[in-house]
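Colleague: I am new to this one, and I would like to understand where the labels come from. Could you show me the structure and then let me ask about the reasoning behind each term?

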Amino acid sequence: MLADVVKYVWMVFGEDRLTTREVEHRLESLFDYHCPDDFAKTMTKLKLAGYVKGEVSIEKGGWGLYMLPEDLA
């Protein structure tokens, strides 16, 4: 099941670096889906598991999250 989640998250990210709010907005617009849990916690879990990378983004005023193609393997 986690592999499916990672595949859908990749569809949301593509090659973009996004804030948590931007990821949540894309999920809603692409899949008409709203995470029932606190979405920041979900992204943190994926980040801790190594599926999502993150770094501070001064331009966006928070975390810039991203995935790399090898994260799908």
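Modeller: Gladly; what follows is a set of questions and answers about how the labels are reached.

Colleague: What makes this a model to read with its confidence in mind?

Modeller: The structure is predicted. The protein averages a pLDDT of 79, and 86% of the residues score at least 70. Among the elements, helix H1 has the lowest mean pLDDT, 77, while strand E1, residues 53-57, has the highest, 86.

Colleague: What is the pattern of elements along the sequence?

Modeller: Read along the sequence, the pattern is α-α-α-β-β. The secondary structure comes to three helices and two strands. Of the 73 residues of the protein, 27% count as buried.

Colleague: Why is Met43 called buried or exposed?

Modeller: The cut-off for buried is under 20% relative accessible area. Met43 has 3% relative accessibility, so Met43 counts as buried. This residue is found in helix H3. Leaving aside neighbours within four places in sequence, Met43 is in contact with Phe13, Thr20, Val23, Val52 and Leu65. With one of these, Thr20, the C-alpha separation is 7.3 Å, although the two residues are 23 apart along the chain.

Colleague: Which residues of the largest nonpolar core touch the most other members?

Modeller: The core has 14 residues, and those touching the most other members are Val9, Phe13, Val23, Met43, Val52 and Met67. Helices H1 (2-13), H2 (20-31) and H3 (39-48) each supply at least two residues of this core. The largest share, five residues, comes from H1.

Colleague: What does Phe13 contact, once its neighbours within four places in sequence are left aside?

Modeller: Phe13 is then in contact with Leu18, Val23, Arg26, Met43, Val52, Leu65, Tyr66 and Met67.

Colleague: How do you know whether H2 is roughly parallel or roughly perpendicular to H3?

Modeller: Start with the geometry: H2 and H3 pack at an angle of about 105 degrees, and their axes are 10 Å apart. Angles of 65 to 115 degrees count as roughly perpendicular. The angle falls in that range, so H2 is roughly perpendicular to H3.

Colleague: Which residues meet where H2 packs against H3?

Modeller: From H2 come Thr20, Val23, Glu24 and Leu27, and they meet Phe39, Ala40 and Met43 in H3. The residues of this contact divide into five nonpolar, one polar and one charged.

Colleague: Let us move to the loops. What makes Thr19 count as buried or exposed, and where does it lie?

Modeller: Thr19 lies in the loop between H1 and H2. Its relative accessibility is 14%, and buried means under 20%, so Thr19 counts as buried. Not counting residues up to four places away in sequence, Thr19 touches Lys60 and Trp63.

Colleague: Arg17 is found in the loop between H1 and H2 too. What label does Arg17 get from its relative accessibility?

Modeller: Partly exposed is the band between under 20% for buried and over 50% for exposed. Arg17 has 43% relative accessibility, so Arg17 counts as partly exposed. With residues up to four places away in sequence not counted, Arg17 touches Glu22, Glu55, Lys60, Leu65 and Tyr66. The C-alpha atoms of Arg17 and Ser57 are separated by 9.3 Å, with their positions 40 residues apart along the chain counted as the separation.

Colleague: Why does Lys60 get the label it has?

Modeller: At 37% relative accessibility, Lys60 lies between the two cut-offs, so Lys60 counts as partly exposed. Lys60 sits in the loop between E1 and strand E2 (62-66). Not counting residues up to four places away in sequence, Lys60 touches Arg17, Leu18, Thr19 and Glu22. Lys60 and Leu18 are 42 residues apart in sequence and 8.6 Å apart in space, C-alpha to C-alpha.

Colleague: And what makes Lys53, in strand E1, buried, partly exposed or exposed?

Modeller: The relative accessibility of Lys53 is 26%, which lies between 20% and 50%, so Lys53 counts as partly exposed. The C-alpha atoms of Lys53 and Gly64 are separated by 8.4 Å, and these residues are eleven apart along the chain.

Colleague: How much of the contact in the protein links residues 24 or more positions apart?

Modeller: Among contacts with a separation of 6 or more, residues 24 or more positions apart account for 40%.

How values were computed:
Residues numbered from 1 in each chain as written. Predicted model: local features only at pLDDT ≥ 70, side-chain atom pairs only at ≥ 80, totals over all residues. Heavy atoms only, no water. Core = buried A, V, L, I, M, F, W, Y, C linked by side-chain atoms within 4.5 Å. Buried < 20%, exposed > 50% of the residue type's maximum accessible area, 1.4 Å probe, protein only. Helix = DSSP H or I, 4+ residues; strand = E, 2+ residues; numbered from the N terminus. Contact = heavy atoms within 4.5 Å. pLDDT = per-residue confidence, 0-100. Axes fitted to C-alpha atoms, helices over the stretch in contact; angles between N-to-C directions. Parallel < 35°, antiparallel > 145°, perpendicular 65-115°, else oblique. Nonpolar A, V, L, I, M, F, W, Y, C, P; charged D, E, K, R; others polar.
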